[in-house]
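Please open the model in a viewer and keep the sequence at hand. The stops below proceed selection by selection.

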Amino acid sequence: SITMSLSTHLSKVLEASGKKSIFSLIFSFEGLKMFADGNIGYMKLIKGPTNGKLMGEDKFGNRYYENEDAPFHRKRWVLYKDTFDYNATSVPAEWHGWLEGSNDFTPNN
């Protein structure tokens with residue numbers, strides 16, 4: 001399993017969000033929306049950039065992560081570039097195949 005300190009976790013969350021401090025994240029529109037919508041908060045703060053390895057980014061700015069220690073259908077996920085207006089159709093076909101486990105190689109490889 002992946003373990004890390006709280007400060008490392010927060011620095012990865014801030015890096016992924018593009019914010020300079022935890023306060024600027026919490027009090028931004030994005031931060032308020034994350035706390036109101038549990039799924040967005042979970043993906044951005046808990047699972048997102050801290051629970052796996054960044055595998056790549058597509059042409060739309062979506063970021064793809066993997067955790068080999070997770071169960072089969074939960075080991076790969078995407079953090080959409082547009083947090084509030086995300087849509088599964090913004091995942092290109094080559095990344096969709098990787099997310100679903102149809103292939104083991106990312107489009108970058």
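Begin with strand β3 and select L79: its bridge partner is R63. The model is a predicted one, and what follows should be read accordingly.

**The edge strand β3**

Extend the selection to residues 76-79, which make up β3. In a regular strand, side chains alternate between the two faces of the sheet. Here R76 and V78 point one way, whereas W77 and L79 point the other way. Which of these residues are buried? R76, W77, V78 and L79 are all buried.

**From β3 to β2**

Now add residues 63-66, strand β2. β2 and β3 run antiparallel and are joined by four bridges, among them the one between R63 and L79.

**From β2 to β1**

Select next residues 53-57, strand β1. Four bridges also link β1 with β2, again in the antiparallel sense. Two positions help to trace this pairing: E57 lies opposite R63 of β2, and L54 lies opposite Y65 of β2.

**The whole sheet**

Display the three strands together. They form an open sheet with antiparallel pairing, in the order β1-β2-β3. Why does one side of β1 and of β3 lack a neighbour in the sheet? Both strands stand at the edges and each has a single partner strand, so one side of each is left free of a neighbour. Viewed across the sheet, neighbouring strands are turned against each other by 30° on average, direction ignored.

**The β1-β2 hairpin and N62**

Move to the connection between β1 and β2. This hairpin has five residues between its strands, and G61 adopts a positive phi near 95°. Then select N62, which is also placed in the loop between β1 and β2. Is N62 buried or exposed? With a relative accessible area of 2%, N62 is buried. Follow the side chain of N62 to the backbone oxygen of S90, which it reaches at 3.2 Å. Leaving aside residues up to four places away in sequence, N62 touches G56, E57, V78, L79, Y80, K81, S90 and V91.

**Aromatic pairs**

Show the aromatic side chains; the count comes to four aromatic pairs. Select Y65 and W77, one of these pairs: the rings are stacked, 6.1 Å centre to centre, with 15° between the planes. Y65 belongs to strand β2 and W77 to strand β3, so the pair ties together parts that are twelve residues apart in sequence. Buried means under 20% relative accessible area; Y65, at 3%, therefore counts as buried, and W77, at 4%, is buried as well.

Next select W95 and W98. This pair is edge-to-face, 5.5 Å centre to centre, with 85° between the planes. W95 and W98 lie three residues apart in helix α5 (residues 93-99), which means that about one helical turn separates them. Both W95 and W98 are buried.

**Last stop: the ring cluster**

Finally, add Y64 to the selection of W95 and W98. Which residues do ring pairs link into a cluster? The cluster consists of Y64, W95 and W98.

Key. Residues numbered from 1 in each chain as written. Predicted model: local features only at pLDDT ≥ 70, side-chain atom pairs only at ≥ 80, totals over all residues. Heavy atoms only, no water. Buried < 20%, exposed > 50% of the residue type's maximum accessible area, 1.4 Å probe, protein only. Pairing = 2+ DSSP bridges. Axes fitted to C-alpha atoms, helices over the stretch in contact; angles between N-to-C directions. Phe/Tyr/Trp six-rings, centres within 6.5 Å; stacked < 30°, edge-to-face > 60°. Polar contact = N/O pair within 3.5 Å; in protein donor to acceptor, adjacent residues only side chain to side chain. Contact = heavy atoms within 4.5 Å.
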